[in-house]
Amino acid sequence: HHKTWMLEHGEWRAMADGPCKTAGFHLSSLYSPIGWRSWKEIAAAWESAIDKQTGSAAAIKTFKNTELGETWVEEGEAPDWQRLLERREDYPIGTIPAGGLLLAGGADVQKDRIEVSIWAWGRGKESWLIEHRLLMGDTARNEVWFALGQLLAETWTHASGCRMPLVRLALDTGYATQEAYAFVRAVRDSRIMAVKGIAQGAALIGTPTAVDVSAGGKKLRRGVKVFSVAGGIAKLELYNNLNKTSDVASD
């Protein structure tokens, strides 16, 4: 209830040192007059951004940009090795722990191979590496792409005994781009996401765009939909997750 008085008695103070030809300003939404954006709403937005279930690095970045009017600084400090060590779990590679609810994979294309990682995901973004597989072969030829297609039909065993398939596979199209596009078109599997990494972006995964590809020297009418993945946001979210502590039971 003191907010109106505070705004009326506020003043702008120059913070830059030395002569400056252009004045720059940024103003937090905390200064919003009564009836606009309330402190209660802003506090709720912050709690949502940092919540373990609903929050993310992208949400925190958006909050600081739009609510606080501040620039975002990417951080890349590696987590302490002890924090990672205490979070180890003993489970057989190739099997899904009880907390795993769905399987998603990522495929990285190189000149002589395709590397595929299969991850199980649970509540609160908890994840387990189920398998990392090397599909060896020249990616300019069909054999290795055929092997990738066969992997899409596989299933993995859950701790409950049921078999689980992949629900999504992200395929990097940065290398062997035309071959990757041709594979996406040939398999016609809605679970495949063609992706391409970018240094910066407004969101971790951008809006898909259709790209023109050529097959046998001919332009195809409808392009493959490619999703951009912001590497900076992905790395930040990874490090934030790795820095989380684990509740370790003591004897």
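These are numbered notes on selected features of a predicted model.

1. Nonpolar surface patch. Trp5, Met6, Leu7, Leu27, Leu30, Tyr31 and Trp39 together make a nonpolar patch of about 780 Å² on the surface. Helix H1, spanning residues 3–8, supplies the largest share of this patch, with three residues.

2. Leu30 within the patch. Leu30, one of the patch residues, sits in the loop that runs between H1 and helix H2 (39–50). Its relative accessible area is 38%, so Leu30 is partly exposed, since values between 20% and 50% fall in that class.

3. Buried face of H3. In helix H3 (residues 57–66), the buried residues are Ala57, Ala58, Ile60, Lys61 and Phe63. A lysine is thus listed among them, namely Lys61. The cover over the buried residues of H3 includes H2 and helix H7 (231–242). As background, an α-helix has 3.6 residues a turn, so residues three or four places apart point the same way.

4. Packing of H3 against H7. The two helix axes come within 9 Å and cross at roughly 110°. H3 and H7 are therefore roughly perpendicular to each other, because crossing angles of 65 to 115 degrees are placed in that class. On the H3 side the contact is made by Ala57, Ala58 and Lys61, and on the H7 side by Ile233, Leu236, Glu237 and Asn240. Ala57, Ala58 and Lys61 also appear in the list of buried H3 residues.

5. Thr173. This residue lies in the loop between strand S6 (163–172) and helix H6 (177–187). Thr173 counts as buried because its relative accessibility is 1%, and the cut-off for that class is under 20%. Neighbours within four places in sequence aside, Thr173 has contacts with Ala180, Tyr181, Ala194, Val195, Lys196 and Val226.

6. Ala170. Strand S6 contains Ala170, which is partly exposed at a relative accessible area of 24%. Gly105 is 65 residues away along the chain, yet the C-alpha atoms of Ala170 and Gly105 are separated by 6.3 Å. Beyond residues up to four places away in sequence, Ala170 touches Gly105, Gly106, Ala107, Met193 and Val195. Val195 also figures among the contacts of Thr173.

7. Asn142. The loop between strand S4 (127–136) and helix H5 (143–152) holds Asn142. With a relative accessible area of 64%, Asn142 is exposed. Asn142 and Glu179 are 37 residues apart in sequence, and their C-alpha atoms are 8.7 Å apart in space.

Definitions and conventions. Residues are numbered from 1 along each chain as its sequence is written. This is a predicted model: local features need pLDDT of at least 70, side-chain atom pairs count only at pLDDT 80 or more; totals for chains, interfaces and linings use all residues. Side-chain values use heavy atoms; hydrogens and water are left out. Patches are made of residues with over 30% relative accessible area and no salt bridge: like charges are joined within 9 Å, nonpolar side chains (Val, Leu, Ile, Met, Phe, Trp, Tyr) within 5 Å. Accessible areas come from the Shrake-Rupley method with a 1.4 Å probe; for residues, only the protein chains shown count as cover. A salt bridge is a side-chain nitrogen of Lys or Arg within 4 Å of a carboxyl oxygen of Asp or Glu. Helices (H or I, at least four residues) and strands (E, at least two) are DSSP runs, numbered from the N terminus. Buried means under 20% relative accessible area, exposed over 50%, partly exposed in between (1.4 Å probe, protein chains only). Contact means heavy atoms within 4.5 Å. Axes are lines fitted to C-alpha atoms, for helices over the stretch in contact, and angles run from 0 to 180 degrees between N-to-C directions. Angles under 35 degrees count as roughly parallel, over 145 as roughly antiparallel, 65 to 115 as roughly perpendicular and the rest as oblique.
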